[in-house]
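Me: I've got a model open and I'd like to learn how to read it feature by feature. Can you walk me through it?

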Amino acid sequence: MLELTSLLELELDFSEEDVEFADRTKLVSLIDEICAETEKLIRSFEYGNAVKSGVPVAIVGEPNAGKSTLLNAILHEDRAIVSSVAGTTRDTIEEEFVLGGIRFRFIDTAGIRNADNEVEELGIQRTYSKLKSARIVVLVLDASADKQHNDEIVASIEKEISDETKLIIVLNKSDICDAEYGYGDSLLISALDGSNVDALCRRFVEYVSSLKAETADVVITSVRHVASLTAARDLLLSAKQAIGEGIPSDFIAQDLREANYHLGEITGAISTDEVLGSIFSKFCIGK
Ligand SMILES: Nc1nc2c(ncn2[C@@H]2O[C@H](COP(=O)(O)OP(=O)(O)OP(=O)(O)O)[C@@H](O)[C@H]2O)c(=O)[nH]1
Ligand SMILES: [Mg+2]
């Protein structure tokens, strides 16, 4: 940020000469570099926060697919009511459970279908909202259903979730049928007799561990710090756009000053002296 700011401030000092001597490509690549670092820190907060309050795992699928049976199998207890009546689960059920040292929040949801009454309809709306806020979505399919039917469900769920969300597809009821098809790295399980449920649980742990590996060495835990980082990132993006549009350096410099101010809220302010110091250390200009 110091390098970037000093390049532009220097240009402003010579604004009467009407020259652009800070190389635009260099400015943009510096901004990209800083934005990437800032993004990484912002993401580290999401990870830190998810781990602190439990990584949300939404279990979704059609009625009778075996979602509640799966929840019970993961928790090793009869937490949710299981029955052969389609539409048994009406409201969402949430339970925390620690796997591989990571706290998860499992959310059993109402099966998705065209509801035949208002209560079920409300439950399904909740399913969609949980689907959107979850980190991991487990889509439970009935392996005995025909492929085309399941293809449609997969497509409709993929449409609903964001890129940030991990989708794990399971084909359930392996005890009564062998699915002759799969979806990428989907798992064939039986929630009823528990087969392959361990493998599914390992997937959850592996995914969260991979998130951890992607994040910065520093994990941001303060909401205030994330707000400062986000503000700085947005100003940097606005500076980048201004450069692209050939907007005068004064305006770009102003965005950068504000971005510095926000970063300063975390690290302590960057003083004018530091900017001047950086200018004089790089350029042959007399004070
Ligand atoms: N054979 C077999 N039956 C299963 C399996 N998993 C669930 N079932 C049966 O399927 C029926 C529905 O199971 P639930 O767990 O209630 O299904 P659900 O997806 O929660 O259904 P809704 O709450 O209605 O959306 C029950 O009769 C279960 O015993 C399985 O792996 N194998
Ligand atoms: Mg259920």
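What follows is a short tour of a predicted model, taken one feature at a time.

Me: Let's start with the pocket. What is the volume of the largest pocket?

Reply: The largest pocket comes out at about 390 Å³. It has 24 lining residues, and those closest to its centre are Asn-64, Gly-66, Thr-69, Val-82 and Ser-83.

Me: How does the lining divide into nonpolar, polar and charged residues?

Reply: There are 8 nonpolar, 13 polar and 3 charged residues in the lining. Don't forget that Gly is put with the polar ones here. As for where the lining comes from, the largest share is 3 residues from helix α3, which runs over residues 67-75.

Me: Asn-64 was in that central group. Where does Asn-64 sit, and what is its phi?

Reply: Asn-64 is in the loop between β1 (55-61) and α3. Its phi is near 70 degrees, a positive value in a residue other than glycine. On accessibility, the partly exposed class lies between 20% and 50%, so Asn-64, with a relative accessible area of 31%, is partly exposed.

Me: Which other residue can I look at for a positive phi outside glycine?

Reply: Try Lys-173, a residue other than glycine with phi near 80 degrees. You'll find Lys-173 in the loop between β5 (166-172) and β6 (187-188). Its relative accessibility is 22%, so Lys-173 also counts as partly exposed.

Me: Now helices. How do I judge the span of α2 against what is expected?

Reply: Take the distance from the first C-alpha to the last and set it beside the value expected at 1.5 Å a residue. Helix α2 (residues 24-53) has 30 residues and reaches 43 Å, close to the expected 44 Å.

Me: And what should I look at around the two ends of α2?

Reply: At the start, look for a side-chain oxygen of Asp-23, which comes to within 3.0 Å of the backbone nitrogen of Thr-25. After the helix comes Gly-54, with a positive phi near 95 degrees.

Me: How many aromatic pairs turn up in the whole structure?

Reply: The search finds 4. To sort a pair, use the angle between the ring planes: under 30 degrees is stacked, over 60 is edge-to-face, and the rest are tilted. Phe-104 and Phe-204 have ring centres 6.0 Å apart and planes at 50 degrees, so this pair is tilted. Phe-104 lies in strand β3 (residues 102-108) and Phe-204 in helix α6 (residues 197-214), so the pair ties together parts that are 100 residues apart in sequence.

Me: Are those two rings buried or exposed?

Reply: Buried: Phe-104 has a relative accessible area of 0%, and Phe-204 is at 0% as well. Together with Phe-106, they form one aromatic cluster.

Me: What kind of pair do Tyr-181 and Tyr-183 make?

Reply: Their ring centres are 5.9 Å apart and the planes sit at 85 degrees, so the pair is edge-to-face. Both tyrosines, Tyr-181 and Tyr-183, are buried.

Me: One last feature: how far apart are Arg-90 and Thr-109 in sequence and in space?

Reply: Check both distances side by side. Arg-90 and Thr-109 are 19 residues apart in sequence and 7.4 Å apart in space, C-alpha to C-alpha. Arg-90 belongs to the loop between α3 and β2 (93-99), and at 36% relative accessibility Arg-90 counts as partly exposed.

Technical notes. Residues numbered from 1 in each chain as written. Chains lettered and ligands numbered in written order. Heavy atoms only, no water. 1 Å grid on protein atoms, 1.4 Å probe; cavity = no way out; pocket = protein on both sides within 12 Å on 5 of 7 lines; lining within 4 Å. Points joined across faces, edges and corners; volume = space filled by probe spheres on them. Helix = DSSP H or I, 4+ residues; strand = E, 2+ residues; numbered from the N terminus. Expected span 1.5 Å × (residues − 1). Polar contact = N/O pair within 3.5 Å; in protein donor to acceptor, adjacent residues only side chain to side chain. Phe/Tyr/Trp six-rings, centres within 6.5 Å; stacked < 30°, edge-to-face > 60°. Buried < 20%, exposed > 50% of the residue type's maximum accessible area, 1.4 Å probe, protein only.
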